[in-house]
Amino acid sequence: MDRALALAAEASASQDVPVGAVVTDAAGRTIGEGRNLREATHDPTAHAEVVALRAAAAATGSWNLEGCTLVVTLEPCLMCAGAALQSRVSRLVFGAWDDKAGAAGSMYDVVRDRRLPHRAEVVAGVREAEASALLRDFFDQRR
């Protein structure tokens, strides 16, 4: 989560919503990382999770990231939760809850939906106060 928080701070500095993500392999080694790049790239899909999953897939040479963990500072939205499931990550760890768009337990629980062919273990609230503070500060500055 340290690296994900640092990536979130980088996103904030470049005017993107401060969200950072890291993908680790089964041994805990970082194989992909990303931060929000929507503003920087004008790409609506450039959420931190998608950027990190793409980097991890490129690093491993496979879209299948079974056994891997996705660590992100904010609860994933529907798109990112779907991407996590499509990549077959085994575990999702996140910091702050997203009561407006979260899809890993708050608004929706796509990641653990038993109707889907793949589910991931969810560990929520890891360093939640720090992740929430980054988001709160970012949006306070824009109001």
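# A tour from salt bridges to strands

The structure holds 10 salt bridges, a salt bridge being a side-chain nitrogen of Lys or Arg within 4 Å of a carboxyl oxygen of Asp or Glu. The model is predicted, so local features need pLDDT of at least 70 and side-chain atom pairs count only at pLDDT 80 or more, while totals for chains, interfaces and linings use all residues. Residues are numbered from 1 along each chain as its sequence is written, and side-chain values use heavy atoms, with hydrogens and water left out.

## Stop 1: salt bridges

Select Asp2 and Arg127. Their side chains meet in a salt bridge, with 2.1 Å from N to O. Asp2 lies in helix α1 (residues 2-13) and Arg127 in the loop between β5 and α5 (128-142), so the pair ties together parts that are 125 residues apart in sequence. Helices (H or I, at least four residues) and strands (E, at least two) are DSSP runs, numbered from the N terminus.

Now show the surface. Asp2 counts as exposed at 54% relative accessibility, whereas Arg127 is partly exposed at 32%. Buried means under 20% relative accessible area, exposed over 50%, and partly exposed in between (1.4 Å probe, protein chains only).

Next, select Glu10 and Arg3, whose side chains form a salt bridge of 3.7 Å, N to O. Glu10 is partly exposed, with a relative accessible area of 36%, and Arg3 is partly exposed at 35%. Add Glu33 and Arg35 to the selection: Arg3, Glu10, Glu33 and Arg35 are linked in a network of salt bridges.

Then go to Arg143 and Asp140, where the side chains meet in a salt bridge of 3.6 Å, N to O. Arg143 is exposed at 73% relative accessible area, and Asp140 is partly exposed at 45%.

## Stop 2: aromatic rings

How many aromatic pairs does a search of the whole structure find? It finds 2. Rings of Phe, Tyr and Trp (its six-membered ring) pair if their centres lie within 6.5 Å; planes under 30 degrees apart count as stacked, over 60 as edge-to-face and the rest as tilted.

Select Phe94 and Trp97. This pair is edge-to-face, with 5.0 Å centre to centre and 90° between the planes. Is Phe94 buried or exposed? Phe94 is buried, with a relative accessible area of 0%, whereas Trp97 is partly exposed at 35%.

Select Phe138 and Phe139 for another pair. Their ring centres are 5.1 Å apart and their planes stand at 85°, so the pair is edge-to-face. Phe138 counts as buried at 4% relative accessibility, while Phe139 is partly exposed at 32%.

Keep Phe138 in view and add Arg142. The charged end of Arg142 sits over the ring of Phe138, 3.6 Å from its centre. A charge sits over a ring if NZ of Lys or CZ of Arg is within 6 Å of the ring centre and within 35 degrees of the ring normal.

## Stop 3: strands around β3 and β4

Select strand β4 (residues 91-96), where 5 of the 6 residues are buried. Add strand β3 (residues 69-74), in which 6 of 6 residues are buried. β3 and β4 pair in the parallel sense over 5 bridges; two strands pair if DSSP finds at least two bridges between them. Across this pairing, Val72 stands opposite Phe94 and Leu74 opposite Ala96.

Helix α4 (residues 78-87) comes next: together with β3 and β4 it makes a right-handed β-α-β unit. Right-handed means that, with the strands pointing away from the viewer, the path from the first strand over the helix to the second runs clockwise.

Now select strand β5 (residues 121-123), which runs parallel to β4 and is joined to it by 3 bridges. Here Val93 in β4 stands opposite Val123.

Strand β1 (residues 20-24) pairs with β3 in the antiparallel sense over 4 bridges. Val22 stands opposite Val71 in β3.

## Stop 4: two cysteines

Select Cys77 and Cys80. The structure holds 0 disulfides, a disulfide being a pair of cysteine sulfur atoms within 2.5 Å. Why is there no bond between Cys77 and Cys80? The sulfur of Cys77 is 3.7 Å from the closest cysteine sulfur, in Cys80, which is too far for a bond. Cys77 is buried at 15% relative accessible area, and Cys80 is buried at 0%.
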